[in-house]
Amino acid sequence: MADPARAAKLAQRIKVVVAEALGRRVKDPRVESITVTDARVTNDLQHATIYYTVFGDEVAHSDAAKALEKAKGVLRQEVGRNITVRLTPTLEFVADQIPVNASNLEELLREAKRRDAEVAALAAGAKHAGDADPYKGDDSDDIDEDDVDDEEFDEDATR
């Protein structure tokens, strides 16, 4: 079993090799809009998962998936030529969902910003329900030091 660092290096190398092979070796026009985003290799170096995105609509996505399945043998052969491992890993192609998730997250952030602006606008025109400082008392209720009888304190001190 290989260490995870070696698997990570191999995954990066496979990512580059597959991306270059899609442009050079594969003559299918359906792969022109494919971008390889990531690759992961198992620790035993036997299986590689390659993540990709496709620019276009759902038809382009399905066509790209079919083209990658058709070109899997050519791509694996190219990977075998360009990496230095005893066995060439099997390739699995998975559509990357990060762009879709990112656009959903951006939409949620825009909605939160809009709601924050609404709350700030409401807060700017709001006024307090009662006094501005409800804990502020009248001067007549406060006890001054002059009002306290000094004799009471002196008696307590002599006891």
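**Reading a helix, a sheet and a core**

Mentor: α1 crosses β1, β2 and β3, and runs at about 155° to β1. Keep in mind that this is a predicted model.

Trainee: In what order do the strands of the sheet stand, and what is the pairing?

Mentor: Follow the partners from strand to strand. Here three strands make an open sheet, ordered β1-β2-β3, with mixed pairing. β1 and β3 are the edges; each has a single partner strand, so one side of each lacks a neighbour in the sheet. On average, neighbouring strands are turned by 25° against each other, direction ignored.

Trainee: Are β2 and β3 parallel or antiparallel, and over how many bridges?

Mentor: Parallel, over six bridges. For a landmark in the sheet, take Ala48, which stands opposite Leu91 in β3.

Trainee: Which residues of the largest nonpolar core touch the most other members?

Mentor: Look for the members with many partners. This core has 29 residues, and Ile14, Val18, Leu22 and Leu75 touch the most other members. At least two residues each come from α1 (4-24), β1 (34-41), β2 (47-54), α2 (58-70), α3 (72-82) and β3 (90-95). α1 gives the largest share, eight residues.

Trainee: Which residues is Leu22 in contact with, beyond four places in sequence?

Mentor: Skip the sequence neighbours and list what remains. For Leu22 that leaves Val31, Ile34, Val36, Leu68 and Leu75.

Trainee: Why does Asp28 count as buried?

Mentor: Compare its relative accessibility with the cut-off. Buried means under 20%. Asp28 is at 17%, so it counts as buried. Asp28 sits in the loop between α1 and β1. Its side chain makes a polar contact of 2.7 Å with the side chain of Arg30.

Methods:
Residues numbered from 1 in each chain as written. Predicted model: local features only at pLDDT ≥ 70, side-chain atom pairs only at ≥ 80, totals over all residues. Heavy atoms only, no water. Core = buried A, V, L, I, M, F, W, Y, C linked by side-chain atoms within 4.5 Å. Buried < 20%, exposed > 50% of the residue type's maximum accessible area, 1.4 Å probe, protein only. Helix = DSSP H or I, 4+ residues; strand = E, 2+ residues; numbered from the N terminus. Contact = heavy atoms within 4.5 Å. Polar contact = N/O pair within 3.5 Å; in protein donor to acceptor, adjacent residues only side chain to side chain. Pairing = 2+ DSSP bridges. Axes fitted to C-alpha atoms, helices over the stretch in contact; angles between N-to-C directions.
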